[in-house]
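Welcome, and please get your viewer ready. We will go from aromatic rings to enclosed empty space, one selection at a time.

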Amino acid sequence: MAAAPGAAVEPTQAQDPLILALDVGTSSVRAVLYDGHARPVEGTMVQLAHQMRETVDGGVDTGANQLLARVEDCIDGALRQAGPLGERIAAVACDTFWHNVLGVSERGAAVTPVYTWADTRAAAAAEALKSDLDQAAMHARTGAVLHPSYLPAKLRWLQDTGPRAPLSPAARTRIRHWLSFADFLGLRFFGQRTTSVSMASGSGLLDQHTCDWDAEVLRAIPLDRAQLPDLRDEPYRGLRPAYARRWPHLARIPWFPAWGDGATSN
């Protein structure tokens with residue numbers, strides 16, 4: 001009898017196409033192979049813990065480069081565990097934690113930490129935005145409320161230039177774009193500054209009726225839409241040279257843009 005969908009399968013019984021699945025959460029990063037019947041392949045799971053930094057004023061963030069290294073190590077580990085099966089991987093799929101943002105430079109270097117949904121330091125900025133936006137209309141368009149978890153409040157807070165500004169003038173000058181960590185992976189692995197509709201839909205910045213960045217919310221922050229990634233759900237292809245050498249079997253296959261983990265878990 002064939003294994004039921006979702007039940008683990010022995011490597012010798014795995015059916016093509018094989019998919020490398022990545023899960024980037026707030027407490028760990030996981031990588032595992034799934035076969036063509038949506039069954040995890042035994043012995044290919046790798047999970048690496050990481051810890052968010054918490055501050056007394058409500059901060060919950062993490063270093064973008066440190067988390068990137070965890071993802072790289074998980075992929076390395078899963079490929080080692082997979083052995084010859086690695087040559088049969090047909091695509092890479094990914095989910096990451098939702099409602100997060102970091103600032104990057106013109107060359108794609110992380111300038112700020114990754115600020116997570118649990119970070120409450122933008123609470124005052126969320127309150128200030130309530131006088132600038134019609135909250136009911138914004139909720140109807142974006143599906144988000146004015147709350148420190150979402151990006152409108154976080155981005156207003158991060159652009160504060162007052163005496164309690166969260167960023168130094170030098171850091172603010174270096175930042176050219178605001179990305180989620182999922183988008184940062186796409187930028188580092190493929191050199192593309194894009195985001196999936198799934199990730200954007202959890203930002204509080206997306207008009208979900210038009211699938212475009214919400215102009216009214218951007219004006220209220222204020223934020224230039226050119227500082228945000230392009231909206232695109234097409235798979236990435238063609239790893240940058242250093243990663244293509246590191247993972248040759250993954251270099252030309254499609255990598256699907258990350259979805260929000262809250263969506264995929266449901």
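This tour of a predicted model visits an aromatic pair, its surroundings and then the cavities.

**Stop 1: an aromatic pair.** Select Phe189 and Trp255 and show their side chains. The two rings meet edge-to-face, with 5.5 Å from centre to centre and 70° between the planes. Now colour by secondary structure: Phe189 belongs to helix α6 (residues 181-190), while Trp255 sits in the loop between α9 (241-246) and β14 (259-260), so the pair ties together parts that are 66 residues apart in sequence. Switch on a surface, and you will find both Phe189 and Trp255 buried.

**Stop 2: the cluster.** Keep those two and add Phe190, Tyr236, Tyr243 and Trp247; together the six residues form one aromatic cluster. Across the whole structure, a search finds 10 aromatic pairs.

**Stop 3: the second largest cavity.** Centre the view on Cys94, Leu185, Tyr236, Trp255 and Phe256, which lie nearest the centre of this cavity among its 13 lining residues. Its volume is about 110 Å³. Helix α6 gives the most to this lining, with five residues. By type, the lining has 12 nonpolar residues, one polar and no charged.

**Stop 4: the largest cavity.** Next, select Asn100, Leu151, Ser180, Asp183 and Ser203, the residues nearest the centre of a cavity lined by 18 residues. What is the volume of this largest cavity? The computed value is about 130 Å³. Highlight β9 (177-179) and α7 (197-201) as well, since each supplies at least two residues of the lining. Here the lining divides into 11 nonpolar, six polar and one charged.

Notes. Residues are numbered from 1 along each chain as its sequence is written. This is a predicted model: local features need pLDDT of at least 70, side-chain atom pairs count only at pLDDT 80 or more; totals for chains, interfaces and linings use all residues. Side-chain values use heavy atoms; hydrogens and water are left out. Rings of Phe, Tyr and Trp (its six-membered ring) pair if their centres lie within 6.5 Å; planes under 30 degrees apart count as stacked, over 60 as edge-to-face and the rest as tilted. Helices (H or I, at least four residues) and strands (E, at least two) are DSSP runs, numbered from the N terminus. Buried means under 20% relative accessible area, exposed over 50%, partly exposed in between (1.4 Å probe, protein chains only). On a 1 Å grid over the protein atoms alone, a cavity is a set of points where a 1.4 Å probe fits but cannot get out, and a pocket is an open set with protein on both sides within 12 Å along at least five of seven lines; lining residues have an atom within 4 Å of a point. Grid points are joined across faces, edges and corners, and a volume is the space filled by probe spheres set on the points. Ala, Val, Leu, Ile, Met, Phe, Trp, Tyr, Cys and Pro count as nonpolar, Asp, Glu, Lys and Arg as charged, and the others, Gly among them, as polar.
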